[in-house]
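Trainee: Could you take me through one part of this model closely? Please start from a single side chain and work outwards.

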Amino acid sequence: MTTLNVEELVAIDVHTHAEVSSKGHSSLDDDLHDASSAYFKVEGKRKPTLEETAAYYRERKMAAVIFTVDAESATGTEPVPNEEVAEAAAANPDVLIPFASIDPFRGKAGVKQARRLVEEYGVKGFKFHPSVQGFFPNDRSIAYDLYEVIEETGTIALFHTGQTGIGAGVPGGGGIRLKYSNPLHVDDVAADFPHLKIILAHPSFPWQDEALAVATHKPGVHIDLSGWSPKYFPPQLVQYANTLLKDKVLFGSDYPVLTPDRWLADFEKLTIKDEVKPKILKENAARLLGLTTE
């Protein structure tokens with residue numbers, strides 16, 4: 001199997017999900033899973049296997065950052081194993097880039113697991129979903145030991161921000177609280193860990209301006225554009241992507257709930273400068289992931 005060749009890639013999708021394990025279980029229960037599918041009006045296969053995801057991106061000459069979400073303490077549902085995601089990436093190194101997810105309530109065991117995943121499995125980053133995991137990112141008593149390992153190892157912390165389709169339409173939102181995903185909570189993390197590489201995932205509705213402020217102010221903070229069709233991007237996000245944040249905005253789809261095909265088709269209709277498009281689609285991610293030095 002060939003390794004990842006950045007020059008030959010059309011794009012790097014920094015936000016895709018491992019939806020199902022080799023044993024067939026998902027990281028979400030059926031109610032939350034079905035609600036998110038309805039929210040996103042999902043087209044195509046909702047639970048592709050890791051191998052199917054690799055084949056999908058290979059066909060499109062794209063690479064994909066892929067991860068599960070470990071929120072077992074809050075949901076009672078086991079995640080797709082991080083090791084399984086990393087092993088799939090190792091078997092498909094030309095297209096898959098492994099991130100992991102660790103429930104911050106796992107405490108010292110989670111910290112130990114994070115280090116092992118980096119050292120033994122080559123994991124490049126960690127996904128946090130504060131609303132689903134049920135924690136404030138700036139709560140020093142919960143996740144700060146994890147951030148220390150992530151900063152020390154030079155890997156990336158990716159935070160869901162803004163509203164979430166998980167729990168949308170379910171009574172009480174499935175118990176999921178949106179307040180945890182205000183990007184201003186991550187501003188504290190960026191201040192306390194100045195060398196930590198951070199991605200704020202999604203247009204952060206209803207806190208888009210807050211996300212833009214944090215990414216403009218903190219050098220280590222980036223924004224991915226996943227989870228929304230570009231035709232719905234707030235105008236200020238497009239403005240900043242074209243100017244102040246042109247080197248810090250990243251293509252992400254949220255596959256499989258939103259396909260890169262749909263995302264890219266709508267992205268072509270945005271008023272993004274020609275010289276900025278390759279930065280968003282590939283160059284910024286390649287640099288952040290350490291795939292290039294430029």
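Mentor: Start with Arg140. Its relative accessible area is 58%, so Arg140 counts as exposed. Keep in mind that this is a predicted model.

Arg140 has a charged partner. Its side chain meets that of Asp192 in a salt bridge, 3.2 Å from N to O. The two ends sit far apart in the chain: 52 residues separate them. Arg140 lies in the loop between helix H6 (130–133) and H7, while Asp192 belongs to helix H8. Asp192 has a relative accessible area of 32%, so Asp192 is partly exposed.

Now follow H8. This helix covers residues 184–192. Together with E5 and E6, H8 makes a right-handed β-α-β unit. E5 and E6 themselves are joined by five bridges and run parallel. One bridge pairs His160 with Ala201 in E6.

Stay on E6, residues 197–201. Four of its five residues are buried, so the rest of the structure largely encloses this strand. On to E7 (residues 221–224): four bridges tie E7 to E6, again in parallel. Here Ile199 has His222 as its bridge partner. A second right-handed β-α-β unit runs from E6 through helix H9 (residues 208–217) to E7.

Step back to the whole sheet. Five strands make up this open, parallel sheet, in the order E4-E5-E6-E7-E8. Strand E4 (125–128) and strand E8 (249–250) are the edges, each pairing on one side only. E4 holds on to strand E5 (residues 156–160) through four parallel bridges. Within that pairing, Lys127 has Leu158 as its partner.

The Arg140 pair is not alone. Eleven salt bridges are counted in the model. Another one involves H7: Glu152 and Arg115 meet at 3.1 Å, N to O. Glu152 is in helix H7 (residues 144–153) and Arg115 in helix H5, 37 residues apart. Glu152 counts as exposed because its relative accessibility is 56%. Arg115, at 26%, counts as partly exposed.

Compare a pair with a buried member. Asp70 forms a salt bridge with Arg106, with the closest N and O atoms 2.7 Å apart. This pair also links distant parts of the chain: Asp70 is in the loop between E2 and helix H3 (72–75), and Arg106 is in the loop between E3 and H5. Asp70 has 2% relative accessibility, so Asp70 is buried. Arg106 is partly exposed at 31%.

Those loops lead to the other sheet. Three strands, E1-E2-E3, form an open parallel sheet. Strand E1 (11–17) and E3 each have a single partner strand, so one side of each is left without a neighbour in the sheet. From one strand to the next, the twist averages 25°. H4 lies across E2 and E3, at about 145° to E3. Seven of the ten residues in helix H4 (residues 82–91) are buried. They pack against helix H2 (50–59), strand E2 (62–67), strand E3 (96–98) and helix H5 (107–121).

End with a charge that has no such partner. Asp266, in helix H11 (residues 260–267), is buried yet makes no salt bridge. Lys269 is the nearest side chain of opposite charge, and it is 4.1 Å away. The cut-off is 4 Å, so that pair is not counted. Beyond its neighbours within four places in sequence, Asp266 contacts Ser229, Pro230 and Lys231.

Conventions: Residues are numbered from 1 along each chain as its sequence is written. This is a predicted model: local features need pLDDT of at least 70, side-chain atom pairs count only at pLDDT 80 or more; totals for chains, interfaces and linings use all residues. Side-chain values use heavy atoms; hydrogens and water are left out. Two strands pair if DSSP finds at least two bridges between them. Buried means under 20% relative accessible area, exposed over 50%, partly exposed in between (1.4 Å probe, protein chains only). Contact means heavy atoms within 4.5 Å. Lys and Arg count as positive and Asp and Glu as negative; His and the chain ends are not counted. A crossover is right-handed if, with the strands pointing away from the viewer, the path from the first strand over the helix to the second runs clockwise. Axes are lines fitted to C-alpha atoms, for helices over the stretch in contact, and angles run from 0 to 180 degrees between N-to-C directions.
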